[in-house]
Amino acid sequence: MADRLFQGIADQIVALIDEGVFPPGTRLPGERELAERFNVSRVTIREAEIALQAVGVIKIKTGSGVYVAERSERNDEALPKVSALELTEARSLFESEAAALAAPVITEATLARLDALLEAMAVEQDDEKSTEIDREFHMTIASASGNGAITHVIRTLWRLRTELPEVRHTHESVCHHDGATRQDEHGAVVEALRRHDPQGARLAMRQHFNRLLGSMLDATEEHAISELRRKARESRERFLMSANIG
């Protein structure tokens with residue numbers, strides 16, 4: 001429930017934009033002012049703004065502020081609304097083939113960079129920094145494929161991964177607990193690349209995403225069960241209160 005609070009705030013900000021309270025091109029009030037206006041935390045405002053930037057409604061300019069996008073810009077910059085499962089399926093398709101293309105031509109320098117990133121993954125504890133290292137790892141392989149179109153697609157898929165709040169939350173709920181497994185999977189991809197084995201690299205990358213998909217499905221089921229239990233508990237409490245009235 002709390003995880004989705006930002007979406008309701010995002011909807012309210014969009015309504016104010018549509019009503020002309022915040023016209024296109026103008027700067028939104030700061031996080032503190034918006035937090036007081038909507039009676040939520042600044043973290044929730046930040047999440048709402050990230051969500052609105054992802055769909056092209058606003059632009060976040062570091063050091064300057066948050067600005068309402070012109071309507072003509074919205075469609076050009078908007079990201080599609082996809083689930084973490086859909087995104088992971090797409091990444092599996094593109095990144096597995098990128099690894100297969102990279103395997104025959106990958107250089108020693110690129111392999112050394114991947115080894116360094118593996119070492120950094122093993123020791124990094126901060127989730128945000130770990131995500132950035134993970135992104136660089138996958139983008140390094142994408143670039144090594146030598147196919148600019150595939151690299152562009154994978155870069156866009158990573159935007160979905162990091163800029164869509166619900167996708168990011170799903171990844172955080174899964175990836176926070178599987179560091180050792182991911183490390184082994186990434187290592188298997190690098191070893192296949194080191195052997196210049198296209199089929200091995202494709203398979204290792206695909207197995208990485210298949211396991212991630214399985215973990216997400218498990219997390220989704222657990223969340224659904226938890227929500228059912230929460231609703232049943234609330235209903236029980238409400239009916240018991242009704243029964244005790246009078």
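A contact means heavy atoms within 4.5 Å. The model is predicted, so that local features need pLDDT of at least 70 and side-chain atom pairs count only at pLDDT 80 or more, while totals for chains, interfaces and linings use all residues. Residues are numbered from 1 along each chain as its sequence is written, and side-chain values use heavy atoms, with hydrogens and water left out.

**Exercise 1. Describe the overall fold and its contacts.**

Step 1: With helices (H or I, at least four residues) and strands (E, at least two) taken as DSSP runs numbered from the N terminus, the protein has 11 helices and two strands. Their order from the N terminus is α-α-α-β-β-α-α-α-α-α-α-α-α.

Step 2: Among contacts between residues at least 6 apart in sequence, 68% join residues at least 24 apart.

Step 3: Buried means under 20% relative accessible area, exposed over 50%, and partly exposed in between, with a 1.4 Å probe and protein chains only; by this rule 38% of the 246 residues count as buried.

**Exercise 2. Determine how Glu97 is paired and where its partners lie.**

Step 1: A salt bridge is a side-chain nitrogen of Lys or Arg within 4 Å of a carboxyl oxygen of Asp or Glu, and the structure holds 13 salt bridges.

Step 2: Glu97 forms one with Arg202, where the closest N and O atoms are 2.8 Å apart. This pair links distant parts of the chain, since Glu97 lies in helix H5 (residues 84–102) and Arg202 in helix H11 (residues 198–244), 105 residues apart.

Step 3: Arg206 also forms a salt bridge with Glu97, at 3.7 Å between the closest N and O atoms; here too distant parts of the chain are linked, with Arg206 in helix H11 and Glu97 in helix H5, 109 residues apart.

Step 4: Glu97 is partly exposed, with a relative accessible area of 31%, and Arg206 is likewise partly exposed at 33%.

**Exercise 3. Examine the surroundings of Arg161 and the pairing of Arg168.**

Step 1: Arg161, in helix H8 (residues 148–163), is buried yet has no salt bridge, and the nearest side chain of opposite charge, Asp134, is 5.0 Å away. For this count Lys and Arg are positive and Asp and Glu negative, whereas His and the chain ends are not counted.

Step 2: Leaving aside residues up to four places away in sequence, Arg161 touches Leu87, Arg91, Thr131, Val167, Arg168 and His171.

Step 3: Arg168 forms a salt bridge with Glu172, the closest N and O atoms being 4.0 Å apart. Because they are four residues apart in helix H9 (residues 165–175), Arg168 and Glu172 are separated by about one helical turn.

Step 4: Arg168 is buried, with a relative accessible area of 13%, whereas Glu172 counts as partly exposed at 40%.
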